[in-house]
Structures are given as C-alpha cells and as structure tokens.
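User: I should like to learn how to read the architecture of a model with two chains. Could we go through it feature by feature?

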Number of protein chains: 2
Amino acid sequence: MAINDVECCDTFQTHEELLKIVRAKMPDEDMLYDMAELFKVFGDSTRIRILYILFEAEVCVCDLAQALNMTQSAISHQLKILKQSKLVKSRREGKSVFYSLADSHVRTIIAQGREHVEE
Amino acid sequence: MAINDVECCDTFQTHEELLKIVRAKMPDEDMLYDMAELFKVFGDSTRIRILYILFEAEVCVCDLAQALNMTQSAISHQLKILKQSKLVKSRREGKSVFYSLADSHVRTIIAQGREHVEE
DNA sequence: TAAACATATGAACAGTTGTTCAAATGTTGA
DNA sequence: TCAACATTTGAACAACTGTTCATATGTTTA
C-alpha cells in the first residue's frame, strides 16, 4: 500500500489514482494564487459595473464616477485594481485619463458568470 | 441640455449618449450583486483547488481533505459555499457524501481565468 | 442500542476589502 | 507662475472572509 493510501471513508482503493491525477493536473501554487486574485477582482459589483461601461466605450474617470453615481476617488481606487489585474488599460489625454478594456477574456468571464447566475 | 449632462472634464457632449447606453445594457442591481457573489466564490485558491479535483472525479469530503492536506472541517465549509453557488452538487452514499461539478460554466470560467493569468 | 466513522455547523479569531476623507500629483491655459 | 481642473494616493474605519476548534448530526455495523 502506497504511503498516500491513508485509510479514509472506505474508498481508499481509489486514492492513489486520484492523487496521481491531482498532482498531474493541479496548477502550481503561484498559478492558483494568481487565479484567485483575478477572480477576486470580479467579485465586487462596483468593478463589474465599471467593466460593463467599458464594454461600450472608452471613458474617463469622472464619466465613470458620474455614470455610477460614486465619488471619483472610489472609482479611481477600483480602476487601480482593475489595471493591476490587466483587465483595463489607460491613456492620458490632457487632464483626463481614459480607460478601456485590455483583454478579451473579460467579456467571456463576465458572460459565463451572468449565464450561470441567470439559470 | 439634459439633466444628466453635468459638466465634467470637458467631454460632456458624450455623456447623454453614454448614460443612455449604460442604462440600457447595465444588468440590474440584483444581477450585479449575484454575479459579484459568484465570482467571490472563485476568488479563493482552496475553492479553485477543490474545483480542479472535481474536474477529474466525483469525490467524498475526506478524499478532498486528504488530497489538499486540509482539515475536513475547512473543506466542508468551502463545499457549502460552492454548493450554495450551485457550482457543485452532492450525493450521499452511506456515511460518505460525494461531491461533483454541477455546471459546465465552471470549466469555462476557470479556463478563461487561467488563460488570462498565463499571458 | 452503543460505538465508530463521515460530515456539517457555529463561534471566534486574525487577516482582508471597499469606501471616505484629506492631501498630493499632474496638466492646461491665463 | 498661478489657479483651476482631473486624477491618484494613503490612512482610517467598518464590514466581510477563511480557518480552527469544539460540538452536533447522520449513517453503519457490531
């Protein structure tokens, strides 16, 4: 009996195989951490709102603040998080900074999440 | 000038159009909240690990605890969250409870998240 | 029924998160 | 250079989250 076949709920004949598969297919710790960090970014309705606006247009910070009826500071903090995750990019034009989507995965992830919730 | 065209960063000629689009396409508050709640569930590496195991097989709680080297209680708490979000389903067989994926969106969302992080 | 096993649950704790407020930075035009 | 505007940043605070520990619930078998 292999080391990892510790007795557990009387199904331990499958443990060795399971553990083998898990070790082979499980992403490494850094990847798992990065994925969790990414999904945390989607886990806030303010940020989802921002993304929905950016689905339609490239907009400046004060436009976002106004459209979402929130302070410019709160929006700016959230944009920083979205930018750090490389979900949005920014471009300065004079006094204003315009934000837009940086990535096509955003739409897919949001769409799948919405589909799941709608069921 | 429409009520919502408040002056803002000298681009207010586009505000009316933007606000119109946003009102039309933005999901309602409940939907946004539910979507954020769903993504929060993906925003924890323990839960992502659990999902990766369930990609491969239907497993019982103690198998998960063993494969992830965590306490049975911690796993059970996380399974409850995954079940509440309808990402996993469970089936009792004697003393054991077996968990499996409940939904095909899970794979897509995880895959897209991983792709984004890998870039 | 009692003992052993598998799982679920509630309280508690440290750690994290989103907003607000005040202040700093960066940009333009007078 | 100065004033006005747009944005960013840091500290602070309440609210939330994941794990642990102790205990409860559910199931099987002796």
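User: How many bridges join E2(B) to strand E3 of chain B, and do these strands run parallel or antiparallel?

Analyst: This is a predicted model. Strands E2(B) and E3 (residues 96-101) of chain B run antiparallel and are joined by six bridges. Within this pairing, Ser90(B) has Tyr99(B) of E3(B) as its bridge partner.

User: What is the strand order of the open sheet in chain B?

Analyst: The three strands follow the order E1-E3-E2, with antiparallel pairing. Strands E1 (59-60) and E2 (88-93) of chain B each have a single partner strand, so one side of each has no neighbour in the sheet. Helix H3 (residues 45-56) of chain B lies across E1, E2 and E3 of that chain, at about 90 degrees to E3(B).

User: How are H2 of chain A and H6 of chain B arranged?

Analyst: Two packed helices are described by the angle and the distance between their axes. Here the axes of H2(A) (residues 29-42) and H6(B) (residues 105-118) come within 9 Å and cross at roughly 110 degrees, which means that H2(A) is roughly perpendicular to H6(B). Residues making the contact include Met35(A) and Leu38(A) of H2(A), and Ile109(B) and Arg114(B) of H6(B). By class, this contact has seven nonpolar, two polar and three charged residues.

User: Which operation lays chain A on chain B?

Analyst: Two copies of a chain are related by a rotation about an axis and a shift along it. For chains A and B, a turn of 180 degrees with a shift of 0.0 Å along the axis gives an RMSD of 0.0 Å. The two copies are therefore related as by a two-fold rotation axis. The same surface serves both, since 98% of the contact residues of chain A recur in chain B.

Methods. Residues numbered from 1 in each chain as written. Chains lettered and ligands numbered in written order. Predicted model: local features only at pLDDT ≥ 70, side-chain atom pairs only at ≥ 80, totals over all residues. Heavy atoms only, no water. Pairing = 2+ DSSP bridges. Helix = DSSP H or I, 4+ residues; strand = E, 2+ residues; numbered from the N terminus. Contact = heavy atoms within 4.5 Å. Axes fitted to C-alpha atoms, helices over the stretch in contact; angles between N-to-C directions. Parallel < 35°, antiparallel > 145°, perpendicular 65-115°, else oblique. Nonpolar A, V, L, I, M, F, W, Y, C, P; charged D, E, K, R; others polar. Least-squares fit on C-alpha atoms with pLDDT ≥ 70 in both.
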